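Student: Could you take me through one part of this model closely, starting with how two packed helices lie against each other? I'd like the terms spelled out as you go.

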Amino acid sequence: MSKKKEKKGKEEGGPVYNKKSLANAIITILSAEPSLSFNYKQIAKKLGITKSSTKQLISVAFYELVNEGIVRENYTGKFQIRVKSDYAQGVVAMNRNGTAELETDDNRTVYISERNLNHALHGDTVRVAVTLSRRTKQLEGEVVEIIERAKRTFVGTIALQPNFAFLLPDNKLMPYDIFIPKENLKGARDGQKVIARITDWPANVKNPNGEVIEVLGDPGVHEVEMHAILAEFELPYRFPEELEVLAGNMSDKITAADYKERRDFRGIPTFTIDPVDAKDFDDALSFRKLDNGNYEVGVHIADVTHYVRPGSPIDNEAIERGTSVYLVDRCVPMLPEQLSNVVCSLRPDEEKLCFSAVFEIDENANVLNEWFGRTVILSTRRFAYEDAQQVIETGEGDMLTEILTLHRLAQDFRKKRFKSGAIAFDRVEVKFRLDEKGKPLGVFFKEQKEANQLIEEFMLLANKRVAEFIGTKSSEKSPLPFVYRIHDKPNIEKFDNFRQFITRFGYNIEGATEKQISKSLNKLLSGLKGKKEQNLIETLAVRSMAKARYSTDNIGHYGLSFPNYTHFTSPIRRFPDMMVHRLLAHYLDGGKPKDAEALEKLCKHSSEMEIKASEAERASIKYKQVEYMQDKIGEVFDGVISGVTDFGMFVELTESKCEGLVAMRDLDDDFYAFDEQNYCLVGRQYNRKFQLGDEVQVEVYRTNLALKQLDFKLAGTSQLEPSEDARPPRRSYGGPAQSSRGGFGGGGRRSSGKGSDKGYGKSSDKGRGGKRRK
């Protein structure tokens, strides 16, 4: 070809490429600017290509490079080079703006943009390709594999269209509506609450496809909403009919062989103390004075594993459930009611089979001897906590000697426990008075009194001594795998943040050793009683701690200051206690070590189910709080700022502990910015501050029962004079998006879509307390 013709060819179509050379040219351009994405027009321009047929080849080359894993398509028609990555695994934690974070198995935090989630959802276990962002200098990831889905069923409201519907999920961390064909609606009507399952989710399609698996009913109806809460956390609210039949056929008749094989406590004074509305009595105490002047105290626990055999259908169901669930108005039992409330329940004046821990204790609360084994008992008195408390306070009533002596011993145990470094987290429990339809008529609070402490201390004693017994029998050469209840030391960063925060209220935590710190913390908690900041600081103290869980790896229990601790005392309500009963019986009989790996798997599942049950309980409380406030629109209440975020502040009402949001947009006397370092909102013009822990008055502005949300407005906001350092008014939203899990992150239930979910404070995190949750 002559030079003239060659020049003409270049002018008409640009350089000539074959398939391979074009792909290499594209890779060279993309590799030179790895943070940018290009379409075919931009590549053609850079290569000087003007011929239409060659431009089409660029698109073909792009998709071949995508298939080879060299290039990725960020948006339709926009491509970016895949930077060399390492890979990590972890669980997705969604933010409310559609992005996510991943705490990897090797303890790294990876940010994942919405487009790089690739259909991963909150709680999913995923594998991600990790790169270091040149722009933000933080680790970023793209989901390359969804290893395990956390859930496939979602509760929500049906939005009906002529030929299809969408499920609008209740879960605020589910950012996608679910498309449901008309034939998969199962008769659901527009606006009804349903449970739907994701059936498939094609690549490059934004919304998953699904089907309705159960119609719950109309929103706002008490039963519908309670069932919806259980379903949202994938917790069952009924037993399969065949299990009810199996349980119904179980007899509580005690055989001659049972009497012969067990230690008989029927002649020893025995009683139970439980909540007034309880039906599942799984623990009882017996008491007698021995001839040597010491006391024999029996901690008798319902022998559930005598009736529920390993591998049986009821046992398999108990494993799956893991725990009973306590909602605001009901208990959803782990075992069918015939077992939990009749056969196994230690009801008064009925002979019952138990697994017992029996102690010889002297006047100074020293344990001299112990015995573990199966027994038969006869409880002769059922006390409510209020009944036992009256005996303690008045010195009058049934079983006076037994209760007063056990009360004195319990207080001695309690003093010794705190002296050794235990932490006194005694939280107030929120309760509701409900009418026959479940409508809340009022809110009240239950505190732990001496009767609660009596039961708690003897349950702690039994749990501790059972764990110690196995621990002393075990050795490095011959370990005995067992189920422990463990509680790790606090995260240093979280605890230091808490330590720094309380100085703003004039408090301090002194000391360097664990015992010094726990002593100082107990002094702080004791000094908070009755003060406006009590609930806030107690909540933040709890959040600075690690979460207790079940494991075969015994690291001790930090909060209780016990080197060995387990759960032995509630097998009607907790599957780990059933595991402990079986293991203890096996090792008492001289059995060989059990499979540690299989036990650890069950421990992990039980811990996960406990978390779900706790979250469902909190959701039911929040629902009733919002329902309780519905007829109080416009009323003014005293409150305390319980959370500060970049989109407003959360206020907890003093009278009812109901929590709501005062949105930034409703603070109309100034332009406010979120001061992250000082946990407050600051007015740009007038320098007015709203700080975590401040007392304020708020007006109930709006309630949203479907979303379990309360909105408040400040009451009596007045115009303020500009401060000397007033700056030009502008609104700040606090920077790039991130999760609400750091610092004292709380509140944070909604985002403006801009800025972060980051905040400081709390969001109605109230547990049951008492002997139920250690």
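Tutor: Happily! Helix 13 and helix 17 are oblique to each other; angles under 35 degrees count as roughly parallel, over 145 as roughly antiparallel, 65 to 115 as roughly perpendicular, and the rest as oblique. Please bear in mind that this is a predicted model, where local features need pLDDT of at least 70, side-chain atom pairs count only at pLDDT 80 or more, and totals for chains, interfaces and linings use all residues. Residues are numbered from 1 along each chain as its sequence is written, and side-chain values use heavy atoms, leaving out hydrogens and water.

Helix 13 covers residues 450-473 and helix 17 residues 575-588; their axes cross at roughly 40° and come within 11 Å. Here axes are lines fitted to C-alpha atoms, for helices over the stretch in contact, with angles from 0 to 180 degrees between N-to-C directions. Helices are DSSP runs (H or I, at least four residues), as strands are (E, at least two), numbered from the N terminus.

The crossing of helix 13 and helix 17 is left-handed: the near helix is turned anticlockwise from the far one by less than a right angle, whereas clockwise would be right-handed. On helix 13, Val466, Phe469, Ile470 and Lys473 make the contact, meeting Val580, Leu584, Tyr587 and Leu588 of helix 17 (contact means heavy atoms within 4.5 Å). Seven of these contact residues are nonpolar, one is charged and none is polar. Ala, Val, Leu, Ile, Met, Phe, Trp, Tyr, Cys and Pro count as nonpolar, Asp, Glu, Lys and Arg as charged, and the others, Gly among them, as polar.

Elsewhere, three strands form an open antiparallel sheet in the order 29-30-31, where pairing takes at least two DSSP bridges between two strands.
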